[in-house]
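Student: I've got a new model open and I'd like to learn how to read its strands and helices. Can we walk through a few features together?

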Amino acid sequence: MSVYVITGVSSGIGFGFLKSISEDPQNLVVGLVRNKPATEQKVATELGKRSNVHIIHGDLTNYATLKQAAADTTKIVGERGIDYLVGNAGFPAQFDAYSPIGELGEEPEELDDVADKLFKTNVTGNIHFFNLFMPLVLKGKTKKVIAITSGHADLDFINNFDIENSALYSASKAALNIIVAKFSAQYKKDGVLVFSMSPGVVEVGHFGDLTPKQTEGLMKFVGRAQAYAPHFKGPVPVERAVQTIRSLWERASIETGYAGAFVSHFGNRQWV
């Protein structure tokens, strides 16, 4: 049996993790979400009664809720601790998703607001999440901490293929990768594997209802992604992504070089 604590399980990859992992009744899954009632209803509707699933309130932008979530989780898992702590939740801003950085400067107030929210959620929020839950990880048997990041944070990918879009989001994920490495530097001696992983390009509903200009920006990115990886055919379904991600985090170890690493779902720097 393994104990998992995962943020952002209300939809997308997070809900995919919850669904897949809880299929094994021997696993225990604690999911942190901002909207607990809505997520509990979704779980009941789509998964039925699974006694090994616990949904608790936790918002990466609100330290008090994370502190309470850690206390609530302690009551649930007890002395078993946590085997897998997964920082999946994040803020995927639409503001910069399809536009080059020069265009973002035309809306300075929104740029400031989005940048603040990205860093508070994707960076500071995960620092608090990892710090508050690390005592439970240290009690666990597997002792793995995984941050879901993005290939957009890879400088070689940006520079070699002129990836213009998602500048603010990319910067927040690059900062997250540094934070992950710092946690690894501190806790590797305690047997805790901390690393960041990009899930690849996954179909989670971010590409609907685009304006013509946003569609143009998306198509430009897709074209450059295909130049980078000619085999790239588009986003993969959540179920397939979850299988690939879980396979990697289960086999990754300190001994095989994953401590503090920033890797793709393939375990290397091939992002799609």
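Student: Which residues point one way from β1, and which the other way?

Tutor: Keep in mind that we're looking at a predicted model. From β1, Val3, Val5 and Thr7 point one way, while Tyr4 and Ile6 point the other way. All of these residues are buried.

Student: What does that say about how β1 sits in the structure?

Tutor: Here you count the buried residues, meaning those under 20% relative accessible area. In β1 (residues 3–7) five of the five are buried, so the strand is largely enclosed by the rest of the structure.

Student: Which strands pair with β1, and over how many bridges?

Tutor: Take strand β2 (residues 28–33): five bridges join it to β1, and the two run parallel. To find the register, look up a partner: Thr7 is bridged to Leu32 in β2. Then there's strand β4 (residues 84–87), which pairs with β1 over three bridges, also in the parallel sense. In that pairing, Ile6 has Val86 as its bridge partner.

Student: What do β1, α1 and β2 make?

Tutor: With helix α1 (residues 12–22), the strands β1 and β2 make a β-α-β unit, and it is right-handed. Check burial on the helix too: nine of the eleven residues of α1 are buried, so α1 is largely enclosed by the rest of the structure. Among them are Ile13, Phe15, Phe17, Leu18 and Ile21.

Student: How do I read a helix like α8, and which of its residues are buried?

Tutor: The general idea is that an α-helix has 3.6 residues a turn, so residues three or four places apart point the same way. In α8 the buried ones are Gly217, Leu218, Phe221, Ala225 and Tyr228. They cover an arc of only 100° around the axis, which puts them on the same side of α8. That buried set packs against α6 (155–161). Over on the other side of α8, you'll find Pro212, Glu216 and Ala227 exposed.

Student: How far apart should the ends of α8 be?

Tutor: Use 1.5 Å a residue: the 17 residues of α8 (residues 212–228) should span 24 Å, and the end C-alpha atoms are 24 Å apart, which agrees.

Student: And a loop residue such as Asp154: buried or exposed?

Tutor: Asp154 lies in the loop between β5 (144–148) and α6. Its relative accessible area is 8%, so Asp154 is buried. For its surroundings, skip the neighbours within four places in sequence; Asp154 is then in contact with Phe262, Arg269 and Trp271.

Technical notes:
Residues numbered from 1 in each chain as written. Predicted model: local features only at pLDDT ≥ 70, side-chain atom pairs only at ≥ 80, totals over all residues. Heavy atoms only, no water. Helix = DSSP H or I, 4+ residues; strand = E, 2+ residues; numbered from the N terminus. Expected span 1.5 Å × (residues − 1). Buried < 20%, exposed > 50% of the residue type's maximum accessible area, 1.4 Å probe, protein only. Arc of directions from axis to C-beta. Contact = heavy atoms within 4.5 Å. Pairing = 2+ DSSP bridges. Right-handed = clockwise from strand over helix to strand, strands pointing away.
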